[in-house]
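Could you walk me through this protein, beginning with how its strands pair up and then working out to the whole chain? I would like to follow along with the structure in view.

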Amino acid sequence: EATGLKWATPAGSSKTYTLVNSGGTALSGSSTAISGLSSYDDLIIIISGASYTTASQGLYMTVNNVLTAGSYTRYGQRTSWPSTYASTNAGVFNVASSTQMQLASMSNDDTSAISGGVRISGCRGTGVKPYQVTMAASGNNNEGTSYFGVVTATTVISSIEIIGISATFDAGTVFVYGAV
């Protein structure tokens, strides 16, 4: 310290996540929104047991109810597992102009359920925000998705919405964790 320098262990920079929607939020109707997220820089969204009243439905998500073409990109993998494997069961996501995040598709079995998670970083920034999706569906002809993408919306993320495009949820819970 005589020279003006002091050696010390640097402070840790790990983030602490807290459950934003205490106890989770039940999925209902054709969409479920969670708001009040503008103070969090990172979000982890866990979806557990999402299912619909009819089979073969897609699960989607938006931020700030943005449904504009080109707002979400995704690059990664989609794989379906039918009872008989075919090379067409694996696909690559290379989409640069989607109107929402495609999370997964429910199988053709109406008792199927979708579970997994989404992580979004830089939510308080005004630039693009990277996100990662890992989801899977149970049942016959189930599907798994794993990809990276960016949200091009240039506003702070204040809400998310879980959407069943043409169906009504009959089960499922969404848990939102946020870190400042």
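Let's begin where strand 3 meets strand 12: the two pair in the antiparallel sense, over 5 bridges. To find this pairing on your screen, look for Thr-32, whose bridge partner in strand 12 is Ile-162. Please keep in mind as you look that this is a predicted model.

Now turn to the pairing of strand 12 with strand 5. Strand 12 covers residues 159-164 and strand 5 covers residues 58-63; the two run antiparallel and are joined by 5 bridges. Here Ile-162 turns up again, this time standing opposite Met-61. Along the same pairing, Thr-62 stands opposite Glu-161 of strand 12.

Step back a little and these pairings become part of an open sheet of 4 strands, in the order 3-12-5-8, with antiparallel pairing. Its edges are strand 3 (31-35) and strand 8 (101-105), each of which pairs on one side only. On average, neighbouring strands in this sheet are turned by 15 degrees against each other, direction ignored.

How many residues of strand 12 are buried? The count is 6 of 6, so the strand is mostly covered, with buried meaning under 20% relative accessible area. Its side chains can be followed in two sets: Ser-159, Glu-161 and Ile-163 point one way, while Ile-160, Ile-162 and Gly-164 point the other way, and all are buried.

Thr-62 deserves a visit of its own. This residue lies in strand 5. Is Thr-62 buried or exposed? With a relative accessible area of 0%, Thr-62 counts as buried, because the cut-off for that label is under 20%. Setting aside neighbours within four places in sequence, Thr-62 is in contact with several residues of strand 12, namely Ser-159, Ile-160, Glu-161 and Ile-163. The contacts of Thr-62 also include Leu-67, Tyr-72, Thr-99 and Gln-100.

Finally, zoom out to the whole protein. It has 13 strands and 0 helices, so following the chain from the N terminus takes you from one β element to another. Of the contacts with a separation of 6 or more, 77% are between residues 24 or more positions apart. Buried residues make up 41% of the 180 residues. As for the outside, the accessible surface of the protein comes to about 8800 Å², and carbon and sulfur atoms account for 53% of it.

Technical notes. Residues numbered from 1 in each chain as written. Predicted model: local features only at pLDDT ≥ 70, side-chain atom pairs only at ≥ 80, totals over all residues. Heavy atoms only, no water. Buried < 20%, exposed > 50% of the residue type's maximum accessible area, 1.4 Å probe, protein only. Contact = heavy atoms within 4.5 Å. Areas by Shrake-Rupley, 256 points an atom, 1.4 Å probe, with all protein chains shown as cover. Pairing = 2+ DSSP bridges. Axes fitted to C-alpha atoms, helices over the stretch in contact; angles between N-to-C directions.
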